[in-house]
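Biologist: Please show me the model. I want to ask how its labels are earned.

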Amino acid sequence: MNQGNNNCERVGSDEISIKELVFKLKKPFNYLISKWYILLIAGVICGIIGFWYAKSKKTIYTATTTFVLETGDQGGGLGQYAGVAAMVGIDLQGGGNGIFQGENLLELYKSQKMIEAALLQNASTESHKTLLDQYLNQEHIKENWIKNSPDLLKINFNNTTQPDKLLQRKRDSVVTAVVSDIKRNALDVGKLDKKLSLLKIAVRSDDESFAQELNISLVDQVNDFYVRTKTKKSLETVKILQNKVDSVRSVMNGAISSAAITVDQTPNLNPARQAQRIAPVQRSQFSAETNKAILGQLVQHLEMSKMNLLKDSPLIQIVDEPRLPLENDKIALLKAAVMAFIMGAFIAGLTLLFKGIIK
C-alpha cells in the first residue's frame, strides 16, 4: 500500500510540475501581449528603415562567363604521327601545354595588362568613349577632377604614350588605381566547383551594360592573348617552313625552265660540240631533281607543323556568356519592409523579456 501511495504522489508531483511549466511559459507570452504596442512601434520603425534601405540601395548586376580549358592533345589524336615527326625533327607532343593551365590562366584574368586592355576597348553606348571613360563617369571621378584636378581631363586614355611626361605618369596612375579597384571589388575569377573543370569569370557593377561589356571584353582579350602565346612557336615554324618551301619551289622551277631554254637556244647544234647543250641541261636537271627532293621533305615538315598548330588552338571553349537582363541583387521593397518589420518586433520582444528576467 505504501509503495502504491508513493507512486501516486510521484505522479501527482509530476503533474504539478508540468502545470507550473506551462504557467511559467504563459507568463512571458502574456507579458509580451500586454506590450503589443511596443512591438508594433518597433516593427513599424524597422519596416520603414528596411523599405528605405531597399529603395536607396544601388542594384549590383553580375555578368558571368563560364568556359572550359582545352589542355591540348598530349599525343592522343596525333600519336600516330609522333614517330614520323620525330624522325624529321618535329615535336608533335607540344612543349607548352602547361603555360596557362589551372591557376596560371586564372591569374592571367586578374593581370594588370589584360584588365587595362579590356578597359581601353570602346563602349557600345558611346563609340568614342572607352570602357575606362564610362567607369570614371559612373563613379563620378571626373566630376571630382573638374573641381580638384582639371589637368587630368586632358588625358587621352586611348594613347598609351602622352606628349607630356607628367601627364603620362598621371595617366598610368589613374589606370593602375582603376584596375586595382576592379580587381578588389568587381572581379571574381575561379572555378564553379572544386570537382568541376568549368572556370568562371564574373564582373559586378551597378551599371548593367558596363558589367556585360567589361566581362566580354576581358574574356576576348585573354582568349586572344592565350591563343597567340600558346601557338606562337608553332606559327613561327609554319611561317619559316612556308618561306623555305616557296623558295625551293622557285629555284626548282627556275632550273626546269633553264634546261628548256638551253635546248631552245641550240636547235641545230653541231654533233661535235655537244658540251654546249649537255652540260647546262644536266646541271639544270640535277638542280631540279635535288630541289624536288628537298621540296618533298619541306612539304612534309610543313604539313606536320600545320597539324601541330591546329592541335594547339583554340584553347578556350566558351560555355555561357552574359546576356541581358543580368543577374542582380535587387530586393523587393515589400519583402524588405516585411522582413525588417519581423526582425524589429523580434528584437524588441527579446529586449522586453531580458528586462523582465532582470527584474
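Modeller: The side chains of Asp 133 and Lys 142 meet in a salt bridge, at 3.2 Å from N to O. This is a predicted model: local features need pLDDT of at least 70, side-chain atom pairs count only at pLDDT 80 or more, and totals for chains, interfaces and linings use all residues. Residues are numbered from 1 along each chain as its sequence is written, and side-chain values use heavy atoms, with hydrogens and water left out.

Biologist: What makes the contact of Asp 133 and Lys 142 a salt bridge?

Modeller: The definition asks for a side-chain nitrogen of Lys or Arg within 4 Å of a carboxyl oxygen of Asp or Glu. The pair sits at 3.2 Å, so it qualifies. Both residues are buried, meaning under 20% relative accessible area (exposed is over 50%, partly exposed in between; 1.4 Å probe, protein chains only).

Biologist: Why is Lys 58 called exposed?

Modeller: Its relative accessibility is 51%. The cut-off is over 50%, so Lys 58 counts as exposed.

Biologist: Which residue forms a salt bridge with Lys 58?

Modeller: Asp 206, with the closest N and O atoms 3.4 Å apart. The pair ties together parts that are 148 residues apart in sequence.

Biologist: Why is Asp 206 called partly exposed?

Modeller: Its relative accessible area is 25%. That value falls between the two cut-offs, so the label fits Asp 206.

Biologist: How do you know that Asp 151 and Lys 170 form a salt bridge?

Modeller: Their N to O distance is 2.2 Å. That is inside the limit, so the pair counts. Lys 170 is partly exposed, at 27%. A search of the whole structure finds ten salt bridges.

Technical notes:
Helix = DSSP H or I, 4+ residues; strand = E, 2+ residues; numbered from the N terminus.
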